[in-house]
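The following exercises concern one protein chain. Please study the sequence and the structure, attempt each task, and then compare the worked solution.

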Amino acid sequence: MSCPEAAKKWGISERRVQRLCEDGRIPGISKIGYMWLIPKDSQKPMDMRTKRGKNLK
């Protein structure tokens with residue numbers, strides 16, 4: 001799936017998904033040209049910006 005699809009599925013912004021891809025936090029990603037490809041069965045990574053590392057919804 002693409003970044004916009006992942007953003008909609010996980011309830012976060014497209015830019016946040018791009019940052020997760022750039023940081024290598026999503027396993028199995030690949031980049032073709034300017035577009036990130038994310039496996040459909042990927043889970044949203046934990047949000048490490050908070051103390052507890054909880055998932056923000």
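**Exercise 1. State what covers the buried residues of H1.**

Solution. Step 1: The cover over the buried residues of H1 includes H2 and strand S2 (35–37). Helices (H or I, at least four residues) and strands (E, at least two) are DSSP runs, numbered from the N terminus. The model is a predicted one, in which local features need pLDDT of at least 70 and side-chain atom pairs count only at pLDDT 80 or more, while totals for chains, interfaces and linings use all residues. Residues are numbered from 1 along each chain as its sequence is written, and side-chain values use heavy atoms, with hydrogens and water left out.

Step 2: Within H1, the buried residues are Cys3, Ala6, Ala7 and Trp10. Here buried means under 20% relative accessible area, exposed means over 50%, and partly exposed lies in between (1.4 Å probe, protein chains only).

Step 3: Viewed down the axis of H1, the buried residues fall within an arc of 100 degrees, so they line one face of the helix. The arc is that of the directions from the helix axis to the C-beta atoms.

Step 4: After H1 comes Gly11, with a positive phi near 75 degrees.

**Exercise 2. Describe the order of the elements and the place of Ser2.**

Solution. Step 1: Two helices and two strands make up the elements of the chain. Their order from the N terminus on is α-α-β-β.

Step 2: Ser2 is located in the segment before helix H1 (3–10). Ser2 counts as buried because its relative accessibility is 15%.

Step 3: Leaving aside residues up to four places away in sequence, Ser2 touches Trp36 and Ile38. A contact means heavy atoms within 4.5 Å.

Step 4: For the chain as a whole, 30% of the 57 residues are buried. Of the contacts between residues at least 6 apart in sequence, 30% join residues at least 24 apart.

**Exercise 3. Which residues form the largest nonpolar core, and which helix gives the most to this core?**

Solution. Step 1: A nonpolar core is a set of buried Ala, Val, Leu, Ile, Met, Phe, Trp, Tyr and Cys residues joined through side-chain atoms within 4.5 Å.

Step 2: The largest such core has 11 residues, namely Met1, Cys3, Ala6, Ala7, Trp10, Val17, Leu20, Cys21, Ile26, Trp36 and Ile38.

Step 3: At least two residues of this core come from each of H1 and helix H2 (14–22). H1 gives the most, with four residues.

**Exercise 4. Explain why Cys21 is not bonded to the sulfur of Cys3.**

Solution. Step 1: A disulfide is a pair of cysteine sulfur atoms within 2.5 Å. The search of the whole structure finds zero disulfides.

Step 2: The closest cysteine sulfur to that of Cys21 belongs to Cys3 and is 4.4 Å away, which is too far for a bond.

Step 3: Both cysteines can then be placed by burial. Cys3 counts as buried because its relative accessibility is 5%, and Cys21 counts as buried because its value is 2%.

Step 4: Not counting residues up to four places away in sequence, Cys21 touches Cys3, Ile26, Ile29, Trp36 and Ile38.

**Exercise 5. Trace the network of salt bridges that joins Arg15, Arg19, Glu22 and Asp23.**

Solution. Step 1: A salt bridge is a side-chain nitrogen of Lys or Arg within 4 Å of a carboxyl oxygen of Asp or Glu. In the whole structure, the search finds four salt bridges.

Step 2: One pairs Glu22 with Arg15, whose closest N and O atoms are 3.4 Å apart. Glu22 is partly exposed, at 41% relative accessibility, and Arg15 is partly exposed, with a relative accessible area of 44%.

Step 3: Glu22 also meets Arg19 in a salt bridge, at 3.2 Å from N to O. These two residues both lie in helix H2, three residues apart, about one turn of the helix. Arg19 has a relative accessible area of 35% and is therefore partly exposed.

Step 4: Arg19 in turn forms a salt bridge with Asp23, at 3.6 Å from N to O. Asp23 counts as partly exposed at 45% relative accessibility.

Step 5: Through shared partners, these salt bridges join Arg15, Arg19, Glu22 and Asp23 into one network.
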